[in-house]
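Visitor: I have a chain on the screen and would like to learn how to read it feature by feature. Could you take me through it, giving the general idea and then the case at hand?

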Amino acid sequence: FLYNKITPPTTKPGNRKDYIISFLIFIIFIAISVLGARGGAQLRPITPATAAQYATDPAFIPLISNTTLNLLHSFQQRTIAEVKYFPLQKAQEIFPVYHSGFAGDSIKKENIIIITLESFSQEYINKTHTPFLDSIMNEGLRAEIGMANGMRSTQGIVAITTGLPSLMPDPFMFSPYMSNRVDGLAGLLKKENYYTIFYHGGNEGTMDFEQFGKQVGFDRYSDRRDYPNDKDYDGNWGIYDLPYFKYVAEDLSQHKEPFFSLLFSLSSHHPYKVEDWFEKKYPKTNPIHRSILYTDFALKKFFEAAKTQPWFQNTLFVITADHIGPQANPDFKNKMGQYRIPILFYHPNGQFKNQERPFASQTDILPTVLDYIHYPHEFLCFGNSILDSTQVLYNLNLSNNLFQISNEQHLLLFDGTQTSGFYNYKNDIQLKNNISNSNSPEQKFLEQKLKAAIQQHHHGMIHNQLSNKTYLKN
């Protein structure tokens, strides 16, 4: 518009070729601008947490992050407000999150492998959909009621690897607190000379796992880029589980022991794509059930391959899920059932055979692993060791703006001010009978527990005190 206003009338208008060239330059300029604004062509744009990939210590992340990026990113995020139900020290007494470590002559330098299965609901764990997992359940220590801490992969991975529950609107790794220092299992074991590696056959940038892994102490993040044969790409998320699991079993043998590895599957994620030969083998099976069956088969082949490796007999395996998948059974279509997942601890020497605990949560995995190896140092997490039979275990959630706490018998819903629901899950599996007006001692007890957990979680997030180096310093 301005060009036409200021161009002398004697100037000849551009020809058609000039307009085409200008248009192409404009398109190229826009494409470069978009790539520059998002920080590259990866799946997700860069965030302040991307700095974790380049920081030798999480404390340096704020120095690496760009101020303008931080400001723009903060406009899109939801912060949490500090709550003060008790003095902070009292909250720690009610719901202990600061742990002093475990007794033992010395650290047991065994390998640790946590296998996290995408969307493996407890509802699916049966001989039809998971014949291998069902068979190995009797060979280890299992939770009768295993609980996820969220409904998204990013929430589940955080809970499993750091012991932090999801008690805010956004997952930790996408929240305003994403650059906080946290005591991840990888970082704690790394200090004990463990080699730590995160395996996920997904595309580059998937759910910011690479940045998160670096932040919590993983030495290496391995994804589709490292896999040697791209013919096994599913066309959606990454490498099919079966070939990728075999690759992981062999790749682990290339690393020094002891090692800690997290293996996260992907084939049982929507659109539930499996290899053609497997789909032809089960053409009439529901797609989600077929993908669960496929990943279960991949798990079987992983263990067959692992048994041939020198590290197998010296390894503790943990098998769990990130969150549930689509539900059909009415027993799982409620605020308790929608978090139920498998949790299993297995060792080839049979020390956990036929053992069961009534209840466990994803946040209990970190302290259980540390208890198993006799980790003697302080750490912070919101769970407790499953190996300690004297501990009552709890699960914490935030769902539709309601905080939840549950144990093996009860579920309590809390809006931040008062209890809005209380159920005896053991006797009312579909949660049809709200007994919150009964004024039972158990209701008051759980409410106190939940308040103490919320207060410490929010205080730690806001003041960056979710590390044993910083907790309770203010």
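Guide: Let us begin with a pair of charged side chains, keeping in mind that this is a predicted model. E356 forms a salt bridge with R142, and the closest N and O atoms of the two are 3.4 Å apart. E356 belongs to strand β9 and R142 to strand β3 (residues 141-147), so the pair ties together parts that lie 214 residues apart in sequence.

Visitor: How is E356 classed by its relative accessibility, and how is R142 classed?

Guide: The idea is to compare each relative accessible area with fixed limits, where under 20% means buried, over 50% means exposed, and anything in between means partly exposed. E356 has a relative accessibility of 40% and therefore counts as partly exposed, whereas R142, with a relative accessible area of 19%, is buried.

Visitor: How many salt bridges does the count come to, and which residues do shared partners join into one network?

Guide: A pair is accepted as a salt bridge when a side-chain nitrogen of Lys or Arg lies within 4 Å of a carboxyl oxygen of Asp or Glu, and by this rule the count comes to 12. One of them is formed by E210 and R225, whose closest N and O atoms are 2.9 Å apart. Since E210 lies in helix α9 (residues 209-215) and R225 in the loop between β5 and α10, the pair ties together parts that are 15 residues apart in sequence. E210 counts as partly exposed at 22% relative accessibility, and R225 is likewise partly exposed, with a relative accessible area of 43%. Another salt bridge joins the side chains of K273 and D276, at 3.6 Å from N to O. Here K273 is partly exposed at 27% relative accessibility, and D276 is partly exposed at 49%. As for the network, salt bridges that share partners join E204, E210, D223 and R225.

Visitor: Turning to the strands, in what order do they lie in the open sheet of eight?

Guide: The general idea is that strands of a sheet pair through backbone hydrogen bonds, in either the parallel or the antiparallel sense. In this structure the order across the open sheet is β5-β4-β6-β2-β7-β8-β3-β9, and the pairing is mixed. The edges are formed by β5 (220-222) and β9 (355-361), each of which pairs on one side only. On average, neighbouring strands of this sheet are turned by 15° against each other, with direction ignored.

Visitor: Which strand runs parallel to β7, and joined by how many bridges?

Guide: Strand β2 runs parallel to β7, and seven bridges join the two; among the pairs, I115 has I319 in β7 as its bridge partner. With β8 (residues 344-346), by contrast, β7 (residues 315-321) pairs in the antiparallel sense over three bridges. There I319 stands opposite L344, and F317 stands opposite Y346.

Visitor: Are the residues of β7 buried or exposed?

Guide: For a strand it helps to look at each face separately. In β7, T315, F317, I319 and A321 on one side and L316, V318 and T320 on the other are all buried, so that both faces are covered. Seven of the seven residues are buried, and β7 is therefore largely enclosed by the rest of the structure.

Visitor: Which strands does helix α12 lie across, and which does helix α10 lie across?

Guide: Helix α12 (residues 287-306) lies across β2, β6, β7 and β8, and runs at about 165° to β2. Helix α10 (residues 241-251) lies across β2 (111-117), β4 (195-200), β5 and β6 (259-264), and runs at about 170° to β4.

Visitor: How many residues of helix α7 are buried?

Guide: Helix α7 (residues 153-162) is mostly covered, with 10 of its 10 residues buried, including G156, I157 and V158. Just after α7, G163 takes a positive phi of about 75°.

Visitor: Finally, how many helices and strands are there in the chain?

Guide: The chain has 14 helices and 14 strands. Its radius of gyration is 25 Å, close to the 23 Å that the globule rule gives for 474 residues, so the chain is as compact as a globular protein of that length. Along its principal axes the C-alpha trace spans about 95 × 55 × 50 Å, and buried residues make up 56% of the 474 residues. Among contacts between residues at least 6 apart in sequence, 72% join residues at least 24 apart.

Technical notes. Residues numbered from 1 in each chain as written. Predicted model: local features only at pLDDT ≥ 70, side-chain atom pairs only at ≥ 80, totals over all residues. Heavy atoms only, no water. Pairing = 2+ DSSP bridges. Helix = DSSP H or I, 4+ residues; strand = E, 2+ residues; numbered from the N terminus. Axes fitted to C-alpha atoms, helices over the stretch in contact; angles between N-to-C directions. Contact = heavy atoms within 4.5 Å. Buried < 20%, exposed > 50% of the residue type's maximum accessible area, 1.4 Å probe, protein only. Rg over C-alpha atoms; globule rule 2.2 N^0.38 Å.
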